[in-house]
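Hello,

Here is the structure I promised to pass on. Please open it first, then read my notes below.

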Amino acid sequence: MNRKLFQVLLLLLPFCVQAQNKVNFSNAFKKQNQGKYKIEIHQVKELVHIMIAITASGRENDDMIQQQGQYYKEVLNHFKPFSNEKIIKTFDSLMNVSPYYYIFLTGNAISYDFNGGRLQKSKIYDFPATGVANMKITENPITRYKAEIEAFAQRSKFREFYKKHQPFYDSIIAEYNKNANLGKQWKWLEKNFDTKIGTYLILCSPLVNGLNYTTEFDDNNFRLIQMVLPTLDKYPNLNELQNEILNTRVMFTEIDHNYVNPPSNANATAINKLFADRSIWIDEKANGAFAYPNGLKVFNEYMTFGVFLLYCKEYYNAAAYERTYQETIQLMKERGFPKMKEFTDQLLATGSQMQGKKIDSWYPDFLKRFE
């Protein structure tokens with residue numbers, strides 16, 4: 001797989017993963033999940049991640065597969081002897097056709113659960129990953145290769161491997177619950193925006209690295225936001241609070257697209273006009289700049305990080321906020337967004353005049369500042 005191509009793909013994914021209404025949210029499901037979130041290392045999805053990890057494409061690309069740490073070593077030690085299986089070659093060939101098949105394979109894995117040694121169709125997720133960017137598929141690949149995937153799981157003793165590592169998976173979930181603050185982020189966003197979400201599902205894997213994306217499902221008047229994320233980072237050179245803020249940023253700037261996008265779409269004409277001059281707002285030489293082809297997409301990327309800083313200003317002390325403010329401006333500059341400071345300062349100034357009002361209602365006054 002072309003590594004450079006995959007790096008560009010990573011820049012596109014948070015904005016392009018599409019979900020069709022190929023899910024089934026029963027009234028019982030709604031009642032059980034309303035206002036709650038779940039963090040899961042899904043068994044079939046982990047199997048598919050492992051299968052991809054031992055393909056030639058997976059072994060060659062550490063953007064696609066997290067290749068650091070003891071878990072990856074144990075995966076290779078246990079499963080690499082099965083890397084010549086026909087289904088592994090098939091997965092590799094699919095990803096050579098298009099790197100989007102990484103999404104189609106791992107994204108559709110939740111449409112099955114294990115029942116003994118067999119894959120049983122989920123009653124909730126029918127065909128959850130049907131399109132990415134301009135590519136769509138018409139057949140669930142997990143359904144197509146169901147028998148081969150089952151056979152691989154049995155021959156490789158995957159379920160024994162998964163059971164052995166259950167304490168490790170549980171520790172990852174516990175770390176998310178302790179340090180990622182999803183509930184706090186969700187509460188703040190729904191307090192400050194008009195948008196309401198029914199439930200959140202975080203699908204995690206120790207093998208996920210740079211490929212993080214968000215998908216929305218809407219069925220039976222119920223909205224579920226699904227996020228595919230790596231394990232939390234823990235940098236030894238950062239203190240506990242700094243690690244918390246870093247991990248919060250990764251999650252928050254995925255979540256808040258769901259809240260920023262609706263009012264942005266309602267003001268799209270004005271935004272596209274005011275942010276049309278790309279030479280001001282985006283560095284065309286930056287990797288992946290073409291992923292923001294119009295003023296609306298440029299504005300939304302600025303806004304998602306600007307709202308993150310609004311959240312930090314409210315929840316963290318002045319010193320922590322100032323550090324995060326400077327780091328976010330620098331990060332965005334490196335990503336090709338040179339006006340993050342100016343944008344954020346205008347957002348903060350607008351907020352100081354609109355206290356007690358939803359951010360959706362800030363847009364007209366905020367946008368006038370860029371005329």
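**Helix pairs**

The axes of helix H18 (residues 318-335) and helix H19 (residues 340-353) cross at roughly 135° and come within 9 Å. H18 is therefore oblique to H19. From H18, the contact takes Tyr321, Tyr325, Thr328, Ile329 and Met332. From H19, it takes Met340, Lys341, Thr344, Asp345 and Leu348. The residues in this contact of H18 with H19 divide into 6 nonpolar, 2 polar and 2 charged. Please keep in mind that this is a predicted model.

I describe each helix pair in the same two terms. Two packed helices are described by the angle between their axes and the distance between the axes.

Next, look at H6 and H9. Helix H6 covers residues 86-97 and helix H9 covers residues 146-155. They pack at an angle of about 125°, and their axes are 9 Å apart. That angle makes H6 oblique to H9. The crossing of H6 and H9 is left-handed. Ile87, Ile88 and Phe91 make the contact on the H6 side. On the H9 side, Glu148, Ile149 and Phe152 do so. By class, the contact of H6 with H9 has 5 nonpolar residues, 1 charged residue and no polar ones.

Then there is the pair H12 and H17. Helix H12 spans residues 182-192, and helix H17 spans residues 295-315. Their axes come within 11 Å and cross at roughly 110°. An angle from 65 to 115 degrees counts as roughly perpendicular. H12 and H17 are therefore roughly perpendicular to each other. In H12, the residues in contact are Lys184, Gln185, Trp188, Leu189 and Lys191. They meet Val307, Leu310, Tyr311, Glu314 and Tyr315 in H17. By class, this contact of H12 with H17 has 6 nonpolar, 1 polar and 3 charged residues.

**The four-stranded sheet**

Now turn to the strands. Strands of a sheet pair through backbone hydrogen bonds, either parallel or antiparallel.

One open sheet has 4 strands, in the order S2-S7-S9-S8, and its pairing is mixed. Which strands stand at the edges? They are strand S2 (36-40) and strand S8 (213-219). Each has a single partner strand, so one side of each is left without a neighbour in the sheet. From one strand to the next, the twist averages 15°.

Inside the order, strand S7 (residues 199-204) pairs with strand S9 (residues 222-229). The sense is parallel, over 6 bridges. Tyr200 stands opposite Ile225 in S9.

Lys38 is worth finding on screen. Its place is in strand S2. Lys38 is partly exposed, with a relative accessible area of 45%. Leaving aside residues up to four places away in sequence, Lys38 touches Tyr200, Leu201 and Ile202. The C-alpha atoms of Lys38 and Leu203 are separated by 8.5 Å, although these residues are 165 residues apart along the chain.

**Two asparagines in a loop**

Go next to the loop between S8 and S9. Asn220 has its place there, and Asn221 lies there too. Asn220 is not a glycine, yet has a positive phi of about 55°. Asn221 is not a glycine either, and has a positive phi of about 55°. Are these residues buried or exposed? Asn220 is partly exposed, with a relative accessible area of 31%. Asn221 counts as exposed, at 76% relative accessibility.

**A hairpin**

Strand S3 (residues 112-115) and strand S4 (residues 118-121) run antiparallel, joined by 4 bridges. Asn115 has Arg118 in S4 as its bridge partner. The hairpin of S3 and S4 has 2 residues between the strands. In this hairpin, Gly116 takes a positive phi near 70°.

**A buried histidine**

Last comes His165. Its place is in the loop between helix H10 (158-164) and helix H11 (166-179). Buried means under 20% relative accessible area. His165 has 7% relative accessibility, so it counts as buried. Not counting residues up to four places away in sequence, His165 touches Tyr71 and Glu74.

Best wishes

How values were computed. Residues numbered from 1 in each chain as written. Predicted model: local features only at pLDDT ≥ 70, side-chain atom pairs only at ≥ 80, totals over all residues. Heavy atoms only, no water. Axes fitted to C-alpha atoms, helices over the stretch in contact; angles between N-to-C directions. Parallel < 35°, antiparallel > 145°, perpendicular 65-115°, else oblique. Left-handed = near helix turned anticlockwise from the far one by under 90°. Contact = heavy atoms within 4.5 Å. Nonpolar A, V, L, I, M, F, W, Y, C, P; charged D, E, K, R; others polar. Buried < 20%, exposed > 50% of the residue type's maximum accessible area, 1.4 Å probe, protein only. Pairing = 2+ DSSP bridges.
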